[in-house]
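Good morning, and thank you for the opportunity to speak. Please take a moment to look at the sequence and the structure, and then we shall go through them together.

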Amino acid sequence: MSQHLLMIEDDARLAAMVRQYLEQSGFTVSVAGDGHGGLAQLTNPAKGEPVDLVILDLMLPDIDGLEVCRRIRALPGHLSQMPVLMLTAKGDAMDRIIGLEIGADDYLPKPFEPRELLARIRAVLRRRGESPTAESTKLRFGALEIDRDARSVSINDAPCDLTSYQFDLLVALAERAGRVLTRDQIMEAVRGRELDAFDRSIDVHMGRIRAAIEADPKTPKRILTVRGVGYVFARQQD
């Protein structure tokens, strides 16, 4: 069965072109022309197939893409972890930062090459579908447990709220505990490709991860910043 993508985009011409390209690449694609319609299709898929990823435009006629992303993250159960790839025509870096802060997994500015969109979709879905070996499913660091099979994080059995992409970033660091990683190395480990020009997006995600797993995000004990280099996941934790 092909993977099902939901594109929330009010530009009908662009949506039709992208849909055709992605369907030729083996995906099933549904399109919604506004935010409310997209949320309705996500919770009750038009094709009767669960959605695997949302392609979300920032500028929509009813509610903007940022609000749609917020509402997706507030949905119950597994839907709250739905991968979201955000599109925008705006060039302001602040839009990208806000989108990442509220839970978008990746970000692609318009105009874009369809091949790059396809590559990013495949990268996000590949991360979601990767399964670790049985002998190394869980990582434990004191009260912190990372279950790579269930794709969940908990502290003293209390769940931590992370997006799919943030989970992958945390795993990339935890698997290399004690080793200082540059932003490029972290993104390469997660995406399997070179970091794009906007490398500061990694800092936004790290802030969100710290907010979820640190007792005091302002004085982190688990994910430490190495000034001028990158980040390190501490081996010994309280």
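**Charged pairs, buried residues and confidence**

I begin with helix α3, which covers residues 65-73: Glu-67 and Arg-71 both lie there, four residues apart, or about one turn of the helix. Their side chains meet in a salt bridge, at 2.9 Å from N to O. How accessible are the two partners? Glu-67 is partly exposed, as its relative accessible area is 25%. Arg-71 is also partly exposed, with a value of 34%. Within the range of residues of this helix we also find Cys-69, which is buried, at a relative accessible area of 0%.

I should say at once that the model is a predicted one. Its chain contains eight helices and twelve strands. Of the 238 residues, 50% are buried. If we take the contacts between residues at least 6 apart in sequence, 58% of them join residues at least 24 apart.

Let us return to the charged side chains. How many salt bridges does the structure have? The count is 13. One of these salt bridges joins Lys-110 to Glu-9, and their closest N and O atoms are 2.9 Å apart. This pair links distant parts of the chain, the two residues being 101 residues apart. Lys-110 sits in the loop between β5 (106-109) and α5 (114-129), while Glu-9 sits in the loop between β1 (4-8) and α1 (12-24). Glu-9 is buried, because its relative accessible area is 2% and the limit for that term is under 20%. The two residues also belong to a network of salt bridges that links Glu-9, Asp-57 and Lys-110.

A further salt bridge is formed by Glu-145 and Arg-140, with 2.9 Å between the closest N and O atoms. Here Arg-140 is exposed, with a relative accessible area of 55%.

Which charged residue is buried yet has no salt bridge? Arg-210 is such a residue. Its place is in helix α8, residues 201-213. The nearest side chain of opposite charge belongs to Glu-214 and is 5.0 Å away. A salt bridge requires the nitrogen and oxygen to be within 4 Å, so this distance does not qualify. What does Arg-210 touch, leaving aside its neighbours within four places in sequence? It is in contact with Pro-217, Pro-220, Ile-223, Leu-224, Thr-225 and Tyr-231.

We may treat Gln-41 in a similar way. This residue is found in helix α2, residues 35-43. Is Gln-41 buried or exposed? At 16% relative accessibility, Gln-41 counts as buried. Beyond its neighbours within four places in sequence, Gln-41 has contacts with Leu-6, Ser-30, Val-31, Ala-32, Ala-46 and Val-51.

Next, consider a whole helix. Helix α6 spans residues 164-174, and eleven of its eleven residues are buried, so the helix is largely enclosed by the rest of the structure. The buried residues of α6 include Tyr-165, Phe-167, Asp-168 and Leu-170.

I turn now to the aromatic rings. How many aromatic pairs does a search of the whole structure find? It finds one. The partners are Phe-141 and Phe-233, arranged edge-to-face, with 4.7 Å from centre to centre and 70° between the planes. This pair, too, links distant parts of the chain: Phe-141 lies in strand β6 (residues 138-141) and Phe-233 in strand β12 (residues 230-233), 92 residues apart. Both Phe-141 and Phe-233 are buried.

What of the cysteines? The structure holds zero disulfides. Cys-69, as I mentioned, is buried at 0% relative accessible area. Cys-160 is also counted as buried, at 15% relative accessibility.

Finally, a word on the confidence of the prediction. The chain has an average pLDDT of 84, and 87% of the residues score at least 70. Where does the pLDDT stay under 50? One such stretch is residues 131-135, for which the model has three contacts beyond four places in sequence. Over residues 192-198 the pLDDT is likewise below 50, and the model gives this stretch 15 contacts beyond near neighbours in sequence.

Thank you for your attention.

Terms used. Residues are numbered from 1 along each chain as its sequence is written. This is a predicted model: local features need pLDDT of at least 70, side-chain atom pairs count only at pLDDT 80 or more; totals for chains, interfaces and linings use all residues. Side-chain values use heavy atoms; hydrogens and water are left out. A disulfide is a pair of cysteine sulfur atoms within 2.5 Å. Buried means under 20% relative accessible area, exposed over 50%, partly exposed in between (1.4 Å probe, protein chains only). Rings of Phe, Tyr and Trp (its six-membered ring) pair if their centres lie within 6.5 Å; planes under 30 degrees apart count as stacked, over 60 as edge-to-face and the rest as tilted. pLDDT is the predictor's confidence in each residue, from 0 to 100. Contact means heavy atoms within 4.5 Å. Lys and Arg count as positive and Asp and Glu as negative; His and the chain ends are not counted.
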